[in-house]
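User: Hi! I'm new to this one, could you walk me through it?
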Amino acid sequence: MDESIWEAARASRSWLDNANGTGQTELTCRILKLTEEAGEASAAWIGLLGQNPRKGVTHTREDVAAELADVAFTALVAIESLGLDAQTVLGACAAKVRSRLAS
C-alpha cells in the first residue's frame, strides 16, 4: 500500500489521541466505530440492491466500495490505537492468508 495510507492512519490516531485521550473508553469507542462503519457498508449494499421498496435503488457500487474503504481505514486506526504498527499487523495477516491459499 501507498505510504500515505499508513501516514494517514497514524495521523488520525494522533489527532484522536489529542482530541479524546487514550484511555480504555476511547479505545473501546475506536473499536466499536468499526461496527458503525460496517453498518454503513451494509446499508449501502442494501441501497444498491434496492431492497427497501419505499426507497428503491439509492446507492452505487462506488458508494459500497467507499463505505468498505471506511471500514478498512477505521480498522487501521484502531490497530494503531492499540499501540501496534498497522502496516506490520496487516502484513502478517496477508502472509497468513497467503500461506493458507498455498496449502
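Analyst: Happy to; here is a short tour of helix packing and salt bridges. This is a predicted model, where local features need pLDDT of at least 70, side-chain atom pairs count only at pLDDT 80 or more, and totals for chains, interfaces and linings use all residues. Residues are numbered from 1 along each chain as its sequence is written, and side-chain values use heavy atoms, leaving out hydrogens and water.

User: At what angle do H2 and H3 cross?
Analyst: Roughly 170°, and the axes of H2 (residues 24-49) and H3 (residues 61-81) come within 8 Å. That makes H2 roughly antiparallel to H3 (angles over 145 degrees count as such).

User: Cool, and how many salt bridges are there?
Analyst: The structure holds eight (a side-chain nitrogen of Lys or Arg within 4 Å of a carboxyl oxygen of Asp or Glu). In one of them, aspartate 85 pairs with arginine 10 at 3.3 Å, N to O. Aspartate 85 sits in the loop between H3 and H4 and arginine 10 in H1, so the pair ties together parts 75 residues apart in sequence.

User: Which network includes Arg10 and Asp85?
Analyst: Salt bridges link Glu3, Arg10, Glu80 and Asp85 in a network.

User: Switching topic: is glutamate 37 buried or exposed?
Analyst: Glutamate 37 is buried, at 8% relative accessible area (buried means under 20%, exposed over 50%, partly exposed in between, with a 1.4 Å probe and protein chains only).

User: Which residue does glutamate 37 form a salt bridge with?
Analyst: Lysine 33, with the closest N and O atoms 3.5 Å apart. Both lie in H2, four residues apart, about one turn of the helix. Lysine 33 counts as partly exposed, at 32% relative accessibility.

Methods: Axes fitted to C-alpha atoms, helices over the stretch in contact; angles between N-to-C directions. Helix = DSSP H or I, 4+ residues; strand = E, 2+ residues; numbered from the N terminus. Parallel < 35°, antiparallel > 145°, perpendicular 65-115°, else oblique.
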